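Please open the model in your viewer and keep the sequence panel beside it. The stops below go from the whole chain to single residues and end at a pocket.

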Amino acid sequence: MILSKPNHIKIYGHRGARGNLPENTLESFSFLFENKIFAFETDVLISKDLVPVITHDFRLDINMTKDADENWISDENIKIYDLTYEEILKYNVGSINKLSRYGRRFLNQKSLPNQKIPKLSDIFDLINSKSIDDIVLNLEIKSTPVEDNLTPSPKEMVSIIKKEIEKSKLEEKILISSFDWRILKEFSIQMPNIVRGYLSFQQNSGVKIEKTIYKNSPWMDLALAFKEYDLPSLIKQIGGKVWCPFYRDITKKDVDMAHEEGLVVNVWTVNKENDMMQMIEYGVDAIITDYPLVLKEVCEKNNIKWF
């Protein structure tokens, strides 16, 4: 698995290609492959009957979920962990409500009929059916230390996902990331050879996320003393190979520090052309974007090599 090349940018489609097609759907992942993008980031949660599923939020999102009658759902508290996979299949996730605040961010996203939340094994089957040698699958494990009963314990969650990865025989093509570093610690115990990426968010607040990096943060699960500006050193110290910062949190100096520690730097989620160029100028190794074809075009227009 090649995560970085000198003088190249690696392009990751975010949740497939969220700017083009409904997020975290098999169609969105297939769209990437058709366009020669062989790296993508997606999200893993666990159903009530302990099936790893591909979806971002702990609860069904009312802005992109319809019921069996094709009506937008209105209940904002339908937890993935409270539904069996058979119950999850009753919902459709092939469109976005463009009247919503969330939907207005993705006005060009196409709608697709009859799209269901996939199982993790469905993605593995898709990848194995394509025989793509240089694919990188970034699995972000969704977990939180600040609210209970949304997932199994980190130990159990990792054990469930581990079984699926082992069945797939794709371990060498997978990058595991999480904001909840308890998950990454558990992977270091249960699957020590799998590559781990440490997600960080240092803004005071964001869309569906709060700051995760601060003294005594439960997200970091650390007894170690640290300075916020020295995150790369800390991540290296706990065995990380990849640092995944929010792009607005970093400077070129941060990227240089990370490279001095031997870390790969994958920034998220970069959607504007000028921000893409700034990240390239900073020297990041990879960019995660909702618009992978736009990033591909930016690279080609500016004679920047990508892979």
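Colour the protein chain by secondary structure, and 9 helices and 12 strands appear; helices (H or I, at least four residues) and strands (E, at least two) are DSSP runs, numbered from the N terminus. This is a predicted model, in which local features need pLDDT of at least 70 and side-chain atom pairs count only at pLDDT 80 or more, while totals for chains, interfaces and linings use all residues. Residues are numbered from 1 along each chain as its sequence is written, and side-chain values use heavy atoms, with hydrogens and water left out.

With the whole chain in view, the C-alpha trace spans about 55 × 45 × 40 Å along its principal axes. The radius of gyration of the protein chain is 18 Å, which agrees with the value near 19 Å for a compact globule of 307 residues; this radius is taken over C-alpha atoms, and the globule rule is 2.2 Å times the number of residues to the power 0.38. Of the 307 residues, 56% count as buried, where buried means under 20% relative accessible area, exposed over 50%, and partly exposed in between (1.4 Å probe, protein chains only). Among contacts (heavy atoms within 4.5 Å) between residues at least 6 apart in sequence, 62% join residues at least 24 apart.

Next select helix H3, residues 120–130, where Leu120, Ser121, Ile123, Phe124, Leu126 and Ile127 are buried. Show what covers these buried residues, including helix H1 (26–34), strand S2 (39–46), strand S4 (136–141) and helix H4 (154–168). Just after H3 comes Ser131, whose phi is positive, near 50 degrees. Most residues other than glycine have a negative phi.

Two further residues with positive phi are worth selecting. Glu70, in the loop between S3 and helix H2 (85–88), has a phi near 65 degrees and is partly exposed, with a relative accessible area of 42%. Asn303, in the loop between helix H9 (292–301) and strand S12 (305–306), has a phi of about 55 degrees and counts as exposed because its relative accessibility is 74%.

Return to the loop between S3 and H2 and select Leu83. Is Leu83 buried or exposed? Its relative accessible area is 11%, so Leu83 is buried. Leaving aside neighbours within four places in sequence, Leu83 is in contact with Ser47, Lys48, Asp49, Leu60, Ile78, Ile88 and Tyr91. A distance drawn from the C-alpha atom of Leu83 to that of Asp134, 51 residues apart along the chain, reads 35 Å.

Now move to Pro218, in the loop between strand S8 (209–210) and helix H6 (231–237), which counts as partly exposed at 31% relative accessibility. Not counting residues up to four places away in sequence, Pro218 touches Pro145 and Val146. The C-alpha atoms of Pro218 and Pro145 are separated by 6.0 Å, although the two residues are 73 places apart along the chain.

The last stop is the second largest pocket, with a volume of about 200 Å³. Of the 14 residues that line this pocket, the closest to its centre are Ile2, Lys10, Asp134, Ile135 and Phe307. On a 1 Å grid over the protein atoms alone, a pocket is an open set of points where a 1.4 Å probe fits, with protein on both sides within 12 Å along at least five of seven lines, and lining residues have an atom within 4 Å of a point; the volume is the space filled by probe spheres set on the points, which are joined across faces, edges and corners. Coloured by class, the lining divides into 7 nonpolar, no polar and 7 charged residues, with Ala, Val, Leu, Ile, Met, Phe, Trp, Tyr, Cys and Pro counted as nonpolar, Asp, Glu, Lys and Arg as charged, and the others, Gly among them, as polar.
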